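Hi,

Here is the structure I promised to pass on. Have a look at it first, and then read my notes below.

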Amino acid sequence: MKPMERPYYVTTPIYYISGSPHIGHAYTTIVADVLARTARTFRPTFFLTGTDEHGQKVANAAAAAGKTPQEWCDELVPRWKELFAAYHVRYDDFIRTTEPRHVEKVRRVFERLQMSGDVYLGKYEGWYCVNDETFWLESKLVDGRCPTCGREVQWISEDDWFFRLSAYRDRLREHFLAHPQWVQPRSVYNEMMSILNEGLDDLSISRTSFDWGVPIDGGGVIYVWLDALLNYITAIGWSEDDARFKTWWPAQTQLVGKEIARFHTIIWPAILWALGESAPDLVFAHGWITVDGQKMGKSVGNAVDPFALAQRFGADSLRYFLLREAPFGSDFSYSEEKIAQRHNSDLANDLGNLLQRTLSMLQRYRDGIVPDPAGGSDAELARRFAPLPMVVRDRILDLRFREALEGVWELVTALNRAIDERKPWTLHKEGRTGELNAVLYDLCEGLRWIAILLHPFMPERMSEMWQQLGIPGEIDEDWSSSLRAWGGLLPIGQTALAAPLFPRVELPTLA
Ligand SMILES: [Zn+2]
């Protein structure tokens, strides 16, 4: 453990509010929440999320609904906040790009880029996808349509401001070569490297054909992607509170979906360098949740209502599923059947039954009181799992969530095995009190470790488990004290046998 490590700053993309949120939005934010909750166990942490509210697509959606863009945003933003609350996400700040604290700094960025000569006026002629708010070269179109979303593109011809992106190509290539881990996973790194090898055009960073955006003196609005990217620094006091800004920037982890990796790994560092700031340490482009091989999302019409899902399976169970089902970074296919299977096997059977069996034996043999092991604790168990907290923490911060959970499950399995092998019911029948106390204590202590280690993944369920184990107060989130050594649980706690923590769910029946 390195207590003096730099404070930890993690971001999600800010979400483009042209409609209601879906489970994909919850996914990225849950991942950031697990990272932030884990980082908070040993260092100062800041977790930023928010909404991207400008741009033509938002203006169009608002107009179609008969509202002003601002009204439209104000009505939808609470849906995002409700979604994150429903999934127990604890962010430190939620930024909206329509807030004055953001808008004024975006204008300042533009002025600085004008002064430094990084932007110039020119004529933009080319294709534009409104759905993705992306400019496309003719050569990149697929059958004349947007290569990302497959929609029709518009021809745009306007006088725009351009950012000298091409001037940063060599520096970008050098940065990629010197920091081969800065973009992950490797497939995305390679894709970005090939874009850099092909060469970069300057980037149009203003639009004049509509006005829903940060205004530019002399006309037009700032391109929504430039506006949006800047949230990562405007929220933490760039150009306003230098000490605060320097505490958090550069971010350690910026999470993005792979479809927006190019903006975050090519345009974003170039903008930062133009402002004299550093690139983030890591941009991680995760995979997609797919249904029938297609990316889930509103635009492909297969969005699943994330509120209904949380109600059906439990928000913590969904959190667990999303991080356990596939290695982080790759796509994974979603089905309610898979969620139900994962829930029943891992949570209801392995973990839920372990807790239930332990508490009911305590009830039967010890009136629910955690006994004193009197030095009889299983030394092998203690030795084997002493390194587990460090292993779990490192894996989480390396974004290897599945492996982190597998590590915790070794302890779950070991405790289930301890019940089968040490047979508390036989110890009770034969009056071997010392041995019975020791095994019951070890089970409770093991469950205490599990509650702490799984708390970043399943905050609500693990807090409930903590209470059932009769431990006073909230879960101790300082792992260096709470998980220093096996045996931290004080005997005499009054446990409470309650309803199952993870009630089994019925598999969806096939129609
Ligand atoms: Zn598109």
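Let's start in the middle of a sheet: Phe163 has Leu203 in β9 as its bridge partner. Keep in mind as you read that this is a predicted model. The strands behind that pair are β7 and β9 (residues 203–204), which are antiparallel and share two bridges. β7 also pairs with β5, again antiparallel, this time through ten bridges. One of the residue pairs there is Tyr124 with Glu158, the latter in β7. If you want to follow the side chains along these strands, remember that in a regular strand they alternate between the two faces of the sheet.

Phe163 turns up again in the core. The largest nonpolar core has 180 residues, and Phe163, Tyr87 and Ile450 are the ones that touch the most other members. Which helix gives this core its largest share? That is α18 (residues 433–454), with 13 residues. To get a feel for the packing, click on Ile450: leaving out residues up to four places away in sequence, Ile450 touches Leu351, Leu354, Val408, Leu411, Val412, Leu415, Met462 and Met465. There is also another core, apart from the one around Ile450, made of five residues that include Cys129, Trp136, Leu141 and Cys146.

Two of those cysteines bring us to the metal. Which residues hold the zinc ion? The protein donors are Cys129, Cys146 and Cys149, each through SG, and Asp132 through OD, at 1.9 to 2.3 Å from the zinc ion. The angles among the four donor atoms run from 102 to 117 degrees, and the site is tetrahedral. Along the sequence the spacing of the donor residues is C-x2-D-x13-C-x2-C. Asp132 and Cys149 are 17 residues apart, so to speak on two separate loops: Asp132 lies in the one between β5 (119–129) and β6 (134–136), and Cys149 in the one between β6 and β7 (154–163). Are these two donors buried or exposed? Neither one quite fits: Asp132 is partly exposed, at a relative accessible area of 21%, and Cys149 is partly exposed too, at 27%. The cut-off for buried is under 20%.

Next, helix α15 (residues 388–397). Its buried residues are Leu388, Pro389, Val392, Arg393, Ile396 and Leu397. They sit on the same side of α15, because the arc they cover around the axis is only 150 degrees. What do the buried residues of α15 pack against? The list is β1 (8–11), α1 (23–39), α14 (379–385), α16 (401–422), α18 and α20 (479–482), and α18 is the helix with the largest share of the big core. After α15 comes Leu399, with a positive phi near 60 degrees.

There is a small sheet to find as well. It is open, has three strands in the order β15-β14-β16, and its pairing is mixed. Why do β15 (294–295) and β16 (332–333) each have one side without a neighbour in the sheet? Both stand at the edges with a single partner strand, so nothing in the sheet lies on the other side. β14 (residues 289–291) and β15 are antiparallel, with two bridges between them, and Thr290 has Lys295 in β15 as its bridge partner.

Last, some backbone oddities. Most residues other than glycine have a negative phi, and most peptide bonds are trans. Against that background, look at these:

- Gln184 and Pro185 are joined by a cis peptide bond with omega about -5 degrees; Pro185 is in the loop between β8 (183–184) and α6 (186–198).
- Trp249 and Pro250 are also joined by a cis peptide bond, with omega about 0 degrees; Pro250 is in the loop between α9 (242–248) and β12 (253–257).
- Ala374 is not a glycine, yet its phi is positive at about 50 degrees. Ala374 is in the loop between α13 (336–366) and α14, and is exposed at 67% relative accessibility.
- Ile492 has a positive phi as well, near 85 degrees. Ile492 belongs to the segment after α20 and is exposed, with 70% relative accessibility.

Cheers

Note on methods:
Residues numbered from 1 in each chain as written. Predicted model: local features only at pLDDT ≥ 70, side-chain atom pairs only at ≥ 80, totals over all residues. Heavy atoms only, no water. Pairing = 2+ DSSP bridges. Helix = DSSP H or I, 4+ residues; strand = E, 2+ residues; numbered from the N terminus. Donors = N, O, S within 2.8 Å, 3.2 Å for Na, K, Ca; no water. Tetrahedral: all angles 85-135°; square planar, octahedral: opposite > 155°, others 65-115°. Buried < 20%, exposed > 50% of the residue type's maximum accessible area, 1.4 Å probe, protein only. Core = buried A, V, L, I, M, F, W, Y, C linked by side-chain atoms within 4.5 Å. Contact = heavy atoms within 4.5 Å. Arc of directions from axis to C-beta.
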